[in-house]
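Dear colleague,

I am passing on the structure we spoke about, and I would be glad if you could look through it alongside the notes that follow. They deal with charged side chains and how they pair.

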Amino acid sequence: MIDLNKIAKRALTSALRRGKVEICDDLNKRHENLSSLYEEVDEVKEASEWMPSAHISDLSEVEEELIDVMIGCMTELTLRSVDIEFFLKEKIKFNERRKD
């Protein structure tokens, strides 16, 4: 079984090594950490649905960028000490009950 929290910790380690995020308590700096995530969202908007990814041949550019957004979200949640698996399930349950 996949352990999203373990995968997210690996993503965080990589992001820290690459200087994409910083561990901090300052809320302003935490907000700055989100800039990396915003960049990934912008890359989704500019990526092609039809062109293959330059890095992973079985994905389109858009699919690879969407995975990057997912990695960015997981990284940010790990920085905030969120149990990703638990709260992802909770949020899905909440959305299943929504009427809108």
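In this predicted model, counting a salt bridge wherever a side-chain nitrogen of Lys or Arg lies within 4 Å of a carboxyl oxygen of Asp or Glu, the total comes to six salt bridges.

Lys-29 is a good place to begin, since Glu-22, Lys-29 and Glu-32 are joined in a network of salt bridges. On one side, Lys-29 pairs with Glu-22, with 3.6 Å between the closest N and O atoms; on the other, the side chain of Lys-29 meets that of Glu-32 in a salt bridge with an N to O distance of 3.3 Å. How are Lys-29 and Glu-32 placed in helix H2? Helix H2 covers residues 27-46, and because the two are three residues apart in it, about one helical turn separates them.

As for accessibility, Lys-29 is partly exposed at 24% relative accessibility, Glu-22 is partly exposed at 40%, and Glu-32 likewise counts as partly exposed, at 47%.

Another of the salt bridges links Asp-100 with Arg-98, where the closest N and O atoms are 2.7 Å apart. Here Asp-100 is exposed, its relative accessible area being 73%, which is over the 50% cut-off for that class, whereas Arg-98 is partly exposed, with a relative accessible area of 40%.

As general background, side chains of opposite charge can pair when their charged atoms come close.

With best wishes

Definitions and conventions: Residues are numbered from 1 along each chain as its sequence is written. This is a predicted model: local features need pLDDT of at least 70, side-chain atom pairs count only at pLDDT 80 or more; totals for chains, interfaces and linings use all residues. Side-chain values use heavy atoms; hydrogens and water are left out. Buried means under 20% relative accessible area, exposed over 50%, partly exposed in between (1.4 Å probe, protein chains only). Helices (H or I, at least four residues) and strands (E, at least two) are DSSP runs, numbered from the N terminus.
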